[in-house]
Structure formats: C-alpha cells, structure tokens
Amino acid sequence: MIIYFSGTGNSRDMAHRLSALLGDSDVVELAGDTLRNGELKAKQPCKAVVWVFPVYSWGVPPVVVKFIKSAKISGITAARHHMVATCGDDAGLTAKQWRRLMHRRDWSDASASTVIMPNTYTLMKGFDVDPEQLAASKLEASVPRVEEIARRIKSEATDDDVVKGRFAWFKSKVIYPWFIRFAMSPKPFHAADNCTGCGLCARRCPLANITMDSDHRPQWGSNCALCLRCYHVCPVGAVQYGKATRGKGRYLNKA
C-alpha cells in the first residue's frame with residue numbers, strides 16, 4: 001500500500017513510480033474524503049506501507065502528521081512501514097520525526113529514504129522554484145534514485161538513506177516548529193486582478209479549503225496545508241501570497 005500527500009506533483013510522481021516498480025496498485029492520495037474521514041482500508045493484507053510526502057521546512061507536513069496520529073487503517077497489521085520523502089535540497093531530521101510517529105502508533109518502521117526533486121516553495125524571501133535546467137537535472141537524477149529506493153523496500157531495509165544536510169538539528173528542532181507556528185497562515189493568499197475566475201484553484205485544493213465567491217473570486221479558508229497547489233496550478237499566475245510571491249516562478253510535476 002502506498003499512501004501519499006502531494007501539492008505540486010513531485011510526491012505523486014514518486015508514489016506512482018514506486019507503484020510500478022513494486023507492483024503495488026494500492027495507491028491512496030491523502031486528500032478530500034480520505035483526510036476528512038481519516039479511514040483507509042488496504043485492498044488486501046499488505047506487507048509494506050509506503051508513506052510518500054514532501055519535506056516541509058525540514059520536517060513532516062502537519063497534514064501528514066495529523067493523519068498518521070489519528071488514522072484508522074485496516075489490513076496493515078503485519079505491515080512494515082517505509083518513508084519516502086521528496087525535498088528540494090535536504091531533509092534535516094525528517095526521518096527521525098517520522099519514526100517517532102510510527103512508534104507512537106506501534107507500527108513497525110523500516111526504511112526511510114529521500115529523493116531530491118525540483119524546489120516548489122516560494123513564500124519567503126530568497127526562495128523560488130529552480131531554474132528550468134536544474135529542475136530537469138533533478139528529475140533525471142531521480143530515476144535511478146527511485147529504482148534504488150524500490151530495491152530497498154523490496155529487500156525490507158530498515159536503515160536511513162536520507163540527505164540530512166548541514167545543521168540538521170537546528171533546522172528540524174528550531175526552524176521547523178517556528179515555521180509550523182508562524183509561517184503557515186493562509187491569510188496572505190489572494191487573487192490578483194488578472195484572475196479569470198476559472199475556479200481551478202478551488203477544484204484542485206486537496207483540502208477543499210478554497211471557495212469561489214459571488215464574483216467568481218477565490219477565497220481561502222483556515223484549513224490550509226500550505227501545499228501551494230493553488231499557487232502553482234493557476235493558469236494565469238493570479239494566485240499570490242502577499243508580496244512574497246511577486247515575480248516568482250511556478251512549477252508543476254505533471255508526470
């Protein structure tokens with residue numbers, strides 16, 4: 001069973017590539033009713049559950065943390081759990097945090113791996129999507145990397161094969177909690193004047209957090225995963241986050 005959360009498509013891409021390599025067709029996206037109900041049932045009793053998600057400020061995305069803590073998943077009693085996290089550069093202590101979440105559920109944690117993918121975070125000064133050539137090189141390098149991760153899962157590896165990066169403790173123990181508390185507000189999201197009212201941002205939001213008002217303008221609620229799908233999916237680049245995203249790029253992994 002492969003369970004994934006994805007904003008701009010990198011983790012979705014990983015999940016489906018792993019599905020093909022592992023021969024596991026039981027792929028579930030954490031979105032919509034699955035997140036609201038917090039219940040899943042494996043298609044058949046499975047030996048492995050693979051958690052695929054993007055790294056959020058050197059930690060596990062809060063929406064994934066919440067789901068793991070409370071989810072009711074049947075058919076996984078004998079399963080070993082694996083982590084596959086996508087990140088633009090490094091993951092800090094994400095694997096350690098994920099293992100603690102597994103232990104709290106009394107789930108058997110096995111391997112933890114990371115895959116370098118194109119950067120998508122744009123909401124702070126100094127952060128932008130990768131240049132096209134760099135994004136392409138990351139995607140190319142991800143092919144053998146995902147094949148290696150699939151081999152690790154098949155062989156029931158139990159170690160960490162992750163890119164922690166420098167200052168991992170500080171990033172995950174100081175910056176991550178600060179980010180979760182102070183830098184995840186959806187309030188700065190708005191639509192610029194060039195918004196066409198197409199509603200694509202609302203239809204594609206995995207948490208159904210965006211509604212269209214009577215003037216066909218998107219309005220953001222409080223239940224936001226800050227996955228940036230609305231920002232990156234807008235066909236005319238109208239979705240903005242305060243002044244932080246002005247002039248910055250957009251990226252979608254459409255694989």
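**Note on Ser113, the sheet and helix H1**

1. The side chains of Ser113 and Arg152 are joined by a polar contact of 3.2 Å, where a polar contact is a pair of N or O atoms within 3.5 Å, one able to donate a hydrogen and the other to accept it, and where residues adjacent in sequence count only if both atoms are side-chain atoms. This is a predicted model, in which local features need pLDDT of at least 70 and side-chain atom pairs count only at pLDDT 80 or more, while totals for chains, interfaces and linings use all residues. Residues are numbered from 1 along each chain as its sequence is written, and side-chain values use heavy atoms, with hydrogens and water left out.

2. Ser113 lies in strand S7 (residues 108-116), strands being DSSP runs of E with at least two residues and helices runs of H or I with at least four, numbered from the N terminus. Ser113 is buried, with a relative accessible area of 0%, buried meaning under 20% with a 1.4 Å probe and protein chains only. Beyond neighbours within four places in sequence, Ser113 has contacts that include Met83, Ile149 and Asp161, contact meaning heavy atoms within 4.5 Å.

3. The open sheet has six strands in the order S2-S1-S4-S6-S7-S8, with parallel pairing, and two strands pair if DSSP finds at least two bridges between them. The edge strands, S2 and S8 (160-161), each pair on one side only.

4. Helix H1 (residues 10-22) has 13 residues, and its buried residues include Met14, Ala15 and Leu18. Those buried residues pack against S7 and helix H5 (132-154), among other elements.

Definitions and conventions:
Buried < 20%, exposed > 50% of the residue type's maximum accessible area, 1.4 Å probe, protein only. Expected span 1.5 Å × (residues − 1).
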